[in-house]
Amino acid sequence: MSARLSTGVDGLDALLGGGLIPGTLTVVVGASGIGKTQLGLHFANEGRRQEGRGGIVFDMSARIDSQGHADYTRRMFDWPLEECALEHFSAEHFFDAERDPGNHLRIFSEQGRRVTQRDLGFDAWHDWQAVLAAKLERTIDFLYGNFVRGTRRVIIDGIEPVERPSESIQFELLEYVYHQILRKEASWVARDLFRQTYRAHAEAIERHAYDHQELAAVLLATSHEVMLDALIEKPLVDGDVTAGANTLIYMGKIRDGAKLSRGLFIAKHRGSACSDEIARFTIDDGGIRLE
């Protein structure tokens, strides 16, 4: 197995038995504002040291307010994220050195619209299905374009809580990203992107092949639960985004006498020893600090 991937948070790797495992999905769950985004960006930034290339941020948020990823990375690490400016896939110049896919993509530009079948209604739901189909190519272009250039870490942010994952366009896209891009061999991802021009570019595709088992994804999922105890006590159910994760980290508020503080707990970490303790943490301009 390849070397563990450091989270970039001092003290957290030790709790994880040495760090995260390449080729796996880590899900971080917690209420809005608890620190999930900071943790994910620590992991993305650490790629700059460990692999020589930072991670990428795939933002699936449909909210009006932005997560502010670029502001966070600039303040925490003096590392500016570059928004993906590519609107259309170009097979002819895909591997050109000057073609920069950027390292941040917010895929749903229709901000403020809910992305569940129940909230949208029949007609709007089918409109969204068409929107989703149109965005798949851009999603593959962004992710594959970064992977062939050496990126090995991806942060997926903006997953909002829903009663039925099957009714969420976010979850539909997430399923595609995880099973058809992250867990697929590079040549098969290229086939989905290049389609009828695949044979003409097969030599370049082979030259830029990467090992998909070296990719690591950290998914940041917002919960209704605010308290850490409530997250820990919540049962895992089939179809839940946490069920298929290799590593599951809960972040929530904990009662500390007359005040509330922040804590995280590693609920599972398959294939590795991990700590059973609740780790308290704080957040400052430099990001997350374990106490």
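**Exercise 1. Strands side by side**

Find how strand β2 (residues 56-59) and strand β4 pair, and over how many bridges.

*Solution.* Start with the terms: strands are DSSP runs of E with at least two residues, helices are runs of H or I with at least four, and both are numbered from the N terminus. Two strands pair if DSSP finds at least two bridges between them. Here β2 and β4 are parallel, and four bridges connect them. To see one matching position, look at Asp59, which stands opposite Asp157 in β4.

Next, turn to strand β5 (residues 216-222): β4 and β5 also run parallel, joined by five bridges. In this pairing, Arg153 has Ala216 of β5 as its bridge partner.

Before you go on, note that this is a predicted model, where local features need pLDDT of at least 70, side-chain atom pairs count only at pLDDT 80 or more, and totals for chains, interfaces and linings use all residues. Residues are numbered from 1 along each chain as its sequence is written, and side-chain values use heavy atoms, with hydrogens and water left out.

**Exercise 2. Inside or outside?**

Decide how many residues of strand β4 (residues 153-159) are buried.

*Solution.* First, the cut-offs: buried means under 20% relative accessible area, exposed over 50%, and partly exposed in between (1.4 Å probe, protein chains only). Now go along the strand: seven of the seven residues of β4 are buried, so the strand is largely enclosed by the rest of the structure.

Try two cysteines with the same cut-offs. Cys84 has 6% relative accessibility and therefore counts as buried. Cys274, at 28%, counts as partly exposed. As for disulfides (a pair of cysteine sulfur atoms within 2.5 Å), the structure holds zero.

**Exercise 3. The surroundings of Thr7**

Work out which residues Thr7 touches, leaving aside residues up to four places away in sequence.

*Solution.* Begin with the location: Thr7 lies in the segment before α1 (12-15). With 2% relative accessibility, Thr7 is buried. A contact means heavy atoms within 4.5 Å. By that rule, Thr7 touches several residues, including Leu12, Asp13, His42, Phe43 and Glu46. Take His42: its C-alpha is 6.3 Å from that of Thr7, although the two residues are 35 apart in sequence.

**Exercise 4. Glu46 and its salt bridge**

Locate Glu46, and find which residue forms a salt bridge with Glu46.

*Solution.* Glu46 sits in helix α2 (residues 36-50). Its contacts, not counting residues up to four places away in sequence, are Ser6, Thr7, Gly8 and Arg153. A salt bridge is a side-chain nitrogen of Lys or Arg within 4 Å of a carboxyl oxygen of Asp or Glu. The partner of Glu46 is Arg49, with the closest N and O atoms 2.5 Å apart. Both residues lie in α2, three residues apart, which is about one turn of the helix. Now compare the two ends: Glu46 is buried because its relative accessible area is 12%, whereas Arg49, at 59%, is exposed.

**Exercise 5. A salt bridge between strands**

Given that the structure has 11 salt bridges, examine the one between Arg280 and Asp256.

*Solution.* The N to O distance between Arg280 and Asp256 is 3.8 Å. This pair links distant parts of the chain: Arg280 belongs to strand β8 (residues 279-284) and Asp256 to strand β6 (residues 247-256), 24 residues apart. Check the accessibility of each: Arg280 is partly exposed at 32%, and Asp256 is partly exposed at 32%.
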